[in-house]
Amino acid sequence: MSIKKKAITASASAALGGILKYIDREPEKNLVKIIEYAEKIVGKGLFPAENFTRMKAGASDPDNIYTRLVMNMLRDVDRDLLKHMFLSLALEAGYFGTKEVRANREKYNCNIPFILLFDPTSACNLKCKGCWAAEYGHRQSLSMEEMRSIVSQGKALGTHVYMLTGGEPLIRKDDVIRLCEENPDCVFMAYTNGTLIDDAFCREVLRVGNLAFALSIEGTEASNDFRRGEGAYERTMQAMALLKKYKCFYGISVCYTRKNFDYVISDEFTDKMLDCGVKYAWYFNYMPVGHTADPELIPTPAQRKAMYFWLRKMRRSETGKPLMVIDFQDDGEYVGGCIAGGRNYFHINSSGDMEPCVFIHYSDANIRTHTLLQALQNPLFMEYRKGQPFNDNHLRPCPMLENPEKLREIIKKIGARSTDLIVEEDVDTLCGRCDAFAYEWQPVADEIWRTTTHPKTHTQYYRDGGKSKIQ
Ligand code: SF4
């Protein structure tokens, strides 16, 4: 770390400590100060000024859902952990990281991600119906050295946010803690079933200060346990209780399907999750990937439309709740469409294959033979870069689910191999499961796109050699 960067980090840390103490004295009144502070350290042209103006207005209203969310975080999350997370996210990832990522995109003439996902192991301690991890057992894992290498290569490119998927990443919980400890300038988030979280682990999480969680939950106890096995729901709820007791930072990850859709967007469900101390909820549209996939579980166009409006209702202070809701499929308009292929993120599986997206199991590079940068410059990710956005309607962002002809074209053109861990999957078979949905969703999505307003995305495209890049 350069002397200048060290000095900025040290002074930001000291200032943040002071501000948090100041907020503690009179939280409602002094909250606006922290926003002014954030504006000073990460604003400066990197993020739109109106974002900060809106945040300051909201912070002056105690009933505003975002004010309530921040108050809940100040009350529920361990103060050192909160401080560490904020500094790593705002300063290391947001300020230094964004600058480096953007500079490296120019320098290397390829996508450079803001976030990296990787699977420490393909193993899982549950045996969920339809999940490949249950079938695949303990056969594939990244070594500790490989995980270290992913993070150090990522940091050299400016990437400071790492999400751990799997398999069940906490099967490797000692290694995960070591990785967090060795990289205090990064933030890690584990997507977990929560069943391996115990008191000792929570204490370690507080000690390292840069690990958050997204606990998988499928809806009701009955629907959860039908797929995950009897008692799984209760164990996940116990994990949340432990995380709450230790004041850790956590949310949920919800895969919504045609079957559980109504419940997972109900007040009953979101209120229950808020009671459990959840601060954010990642919603994932069911993707029909793998040989056991069932296209009948893809949410219907009517459900996708309902999801779009539900998300926006949840985010309006007058109608929403103090819960950050994010949807991989319906929030494309905030990030300029598909973020995969390294544009904002990519995925490394437990065999080391570098894949454009956690749902797109094709690759032309492996960490055992290629560097991260080489993968980003290889044909597969470069085709993503050329094609993004895959549709000018960001409600149809995906080259697989909503534009299956695009993924067929890319995979066939460059001859990427299937990296599915169970049965190699031909791209026509995979995309064939999406054709009907894509066809039915198009008129609905186009109608929503025509009749609603959209945020001006502060993003970057490189399509057509950078001519369409938006800064
Ligand atoms: S490939 Fe599809 S699922 Fe993956 S990031 Fe792009 S739009 Fe989302």
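## The sheet

Strands E6 and E7 run parallel and are joined by 4 bridges. One residue pair shows where they meet: Tyr283 has Asp327, in E7, as its bridge partner. The model described here is a predicted one.

E6 and E7 belong to an open sheet of 9 strands with mixed pairing, in the order E7-E6-E5-E4-E3-E2-E1-E8-E9. The edges are formed by E7 and by strand E9 (354-355), each of which pairs on one side only. Strands of a sheet pair through backbone hydrogen bonds, and the pairing can be parallel or antiparallel.

## The ligand shell

Which residues are closest to the ligand? They are Met287, Cys338, Ala340, Cys357 and Cys398, out of 13 residues that surround the ligand. By class, the shell holds 13 nonpolar residues, with no polar and no charged ones. Cys338, one of the closest residues, has a relative accessible area of 11% and is therefore buried, since the cut-off for buried is under 20%.

## Cysteines

A disulfide is a covalent bond between the sulfur atoms of two cysteines. How many disulfides does the model have? The count is 0. Cys180 serves as an example: the nearest cysteine sulfur belongs to Cys186 and is 9.2 Å away, and Cys180 is in no disulfide. A disulfide would need the two sulfur atoms to be within 2.5 Å. Cys180 is buried, because its relative accessibility is 1%.

## Salt bridges between distant parts of the chain

The whole structure contains 29 salt bridges. One of them joins Glu146 and Arg368, whose closest N and O atoms are 2.6 Å apart. Glu146 sits in helix H7 (residues 144-157), while Arg368 is in the loop between strand E10 (362-363) and helix H16 (372-377); the pair links distant parts of the chain, 222 residues apart. Is Glu146 buried or exposed? Glu146 is buried, because its relative accessible area is 18%. Arg368, at 45% relative accessibility, counts as partly exposed.

A second salt bridge connects the side chains of Arg258 and Glu296, with an N to O distance of 3.5 Å. Both residues are in loops: Arg258 between strand E5 (250-256) and helix H12 (261-264), and Glu296 between strand E6 (280-285) and helix H14 (301-315), 38 residues apart. Arg258 is partly exposed at 31% relative accessibility, whereas Glu296 is exposed, with a relative accessible area of 54%.

## A further pair and a network

Asp267 and Lys321 also meet through their side chains in a salt bridge, at 3.3 Å from N to O. Asp267 lies in helix H13 (residues 267-275) and Lys321 in the loop between H14 and strand E7 (324-327), so this salt bridge ties together parts that are 54 residues apart in sequence. Asp267 counts as partly exposed, because its relative accessibility is 43%. Lys321 is buried, with a relative accessible area of 14%.

Some salt bridges share partners: Arg312, Arg315, Asp331 and Glu333 are joined in this way into one network.

## Asn104 in helix H5

Where is Asn104? Asn104 is in helix H5, which covers residues 79-108. Its relative accessibility is 10%, so Asn104 counts as buried. Leaving out residues up to four places away in sequence, Asn104 touches Asn109, Ile112, Ala156, Leu157 and Gly158. Helix H7 (residues 144-157) is the helix that holds Glu146 of the salt bridge with Arg368.

How values were computed. Residues are numbered from 1 along each chain as its sequence is written. This is a predicted model: local features need pLDDT of at least 70, side-chain atom pairs count only at pLDDT 80 or more; totals for chains, interfaces and linings use all residues. Side-chain values use heavy atoms; hydrogens and water are left out. A residue is near a molecule or strand if one of its heavy atoms lies within 4 Å of it. Ala, Val, Leu, Ile, Met, Phe, Trp, Tyr, Cys and Pro count as nonpolar, Asp, Glu, Lys and Arg as charged, and the others, Gly among them, as polar. Helices (H or I, at least four residues) and strands (E, at least two) are DSSP runs, numbered from the N terminus. Buried means under 20% relative accessible area, exposed over 50%, partly exposed in between (1.4 Å probe, protein chains only). Contact means heavy atoms within 4.5 Å. A salt bridge is a side-chain nitrogen of Lys or Arg within 4 Å of a carboxyl oxygen of Asp or Glu. Two strands pair if DSSP finds at least two bridges between them.
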